[in-house]
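Biologist: I'm new to this structure, so please pick one part of its interior and look at it closely. After that, tell me about a few places elsewhere in the chain.

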Amino acid sequence: MNIGIFILLNTIMFDLLYKNIIRYIDLSEEEFSQFTTPFQWKSFKKKDVVLQQGDFCLFEGFVLSGCFKIYYLNENGFEQTLYFAVEGWWITDIDSLINDVPSILNIEALLDSEVLMISKKDKEQLYETMPQIEKLFRIMNQQSSVALQRRILSLTGKTADKRYLEFLQKYPGLEQKLTQQQVASYLGITHEFLSKIRKRISLEK
C-alpha cells in the first residue's frame, strides 16, 4: 500500500475514535497518541465470529465500519439479539471481561467490518499510566448500563410496533442491510409477525 494512503487511512480510523472519546474526557494530542498505541486494526468478513459463548472475552473493540450483532441463545435455543453495533459503537462482553467468567454472549459480523481492538491486558496498563482512561471506560460502562436498562424496559413494556419504530430511529438505514430474521430477533418476535407490522405501518402512512 502506498505510504501516503496508509497514513490517510490511519488518520481517518483514529479520528473516528477521537470523536467518540472526547464526548467523555479531554485528551491532548500526545495523550491521545499514547492512548491509541495499543489498539490494533482488524477486519472481519460477514458471518465471522468475534466472540463465541463459553469463551472468555479478553478485548474491547471500537467499530469503524460494518455491523455486528451481539446475541445469546435462550433456554429454548432461540436466538435473542441484545443490540447491533454499528460505526462508532463498542463490542465486548463486559461481564466476561471484568469478572473473568465464560461469555454467555456471541458477537458475529453481519457485514464486512473493521474494528480497532484493545486487549484487556493493554487496557489495564493504560489505567496505570493514564488515570483519565479509567474514567473514560467507567463513563462508557455507565452509558452501556443505561442503554441496557432502556432495552430491557422496551422489550418488556412496549408493543412490538413501538419497538420496531424505535429500531428504525436508533439504527437509521440499517434495516435494508439486514435480513428480516435478524431484525425480528432484535425485536423479540417472529419474522412473520414483523411482516405484519411492516404492512400495518405502511398502510398507516
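What follows starts inside the protein and then moves on to a few other spots.

Modeller: Happy to. One caution before we dive in: this is a predicted model, where local features need pLDDT of at least 70 and side-chain atom pairs count only at pLDDT 80 or more, while totals for chains, interfaces and linings use all residues. Residues are numbered from 1 along each chain as its sequence is written, and side-chain values use heavy atoms, without hydrogens or water.

Let's take the largest nonpolar core as our part. A nonpolar core is a set of buried Ala, Val, Leu, Ile, Met, Phe, Trp, Tyr and Cys residues joined through side-chain atoms within 4.5 Å. This one has 20 residues, and the members that touch the most other members are Leu17, Leu27, Phe35, Phe39, Ile133 and Leu136. Several pieces of the fold chip in with at least two residues each: helices H1 (3-21), H2 (29-36) and H5 (131-157), plus strands S3 (59-65) and S8 (113-119). (Helices, H or I with at least four residues, and strands, E with at least two, are DSSP runs numbered from the N terminus.) There's also a core lying apart from this one, with 18 residues that include Phe84, Val86, Leu178 and Ile189. As background, nonpolar side chains in soluble globular proteins tend to be buried together.

Now zoom in on Leu27, one of those well-connected members. Setting aside neighbours within four places in sequence, Leu27 is in contact (heavy atoms within 4.5 Å) with Tyr18, Ile21, Phe32, Phe35, Met130, Gln132 and Ile133. Follow that list to Ile21, which sits in helix H1. Ile21 counts as buried because its relative accessibility is 0%; the cut-offs are under 20% for buried, over 50% for exposed, and partly exposed in between, with a 1.4 Å probe and protein chains only. With the same four-place neighbours left aside, Ile21 is in contact with Leu27, Phe32, Phe35 and Leu136. So which of these partners are also among the core members with the most touches? Leu27, Phe35 and Leu136 are on that list. Ile21 also shows how the chain folds back: its C-alpha atom is 9.0 Å from that of Met140, although the two residues are 119 apart along the chain.

Thr36 is worth a stop too. Thr36 belongs to helix H2, and its relative accessible area of 9% makes it buried. Beyond the neighbours within four places in sequence, Thr36 is in contact with Phe14 and Leu17, and Leu17 is another of the well-connected core members. What does the polar side chain do there? A polar atom of the Thr36 side chain lies 3.2 Å from the backbone oxygen of Ser33.

Thr81 offers another buried threonine, this time in strand S5 (79-85). Thr81 is buried because its relative accessibility is 1%. Its side chain makes a 2.9 Å polar contact with the side chain of Ser185. Such a contact is a pair of N or O atoms within 3.5 Å; within protein, one must be able to donate a hydrogen and the other to accept it, and residues adjacent in sequence count only if both atoms are side-chain atoms. Not counting residues up to four places away in sequence, Thr81 touches Lys69, Ile70, Tyr71, Arg151, Gln182, Ser185 and Tyr186.

Now for the less hidden residues. Lys47 is in the loop between strand S1 (40-44) and strand S2 (49-51), and it is exposed, at 61% relative accessible area. Look at its backbone: phi is positive, about 80°, although Lys47 is not a glycine.

Asp100 shares that backbone quirk, with a positive phi near 55° in a residue other than glycine. You'll find Asp100 in the loop between H3 and strand S7 (106-109), partly exposed at 47%.

Asp95 is in helix H3 itself and is partly exposed as well, at 39%. A 2.7 Å polar contact joins its side chain to that of Asn99. With neighbours within four places left aside, Asp95 is in contact with Asp100 and Val101. The C-alpha atoms of Asp95 and Phe44, 51 residues apart along the chain, are 23 Å from each other.
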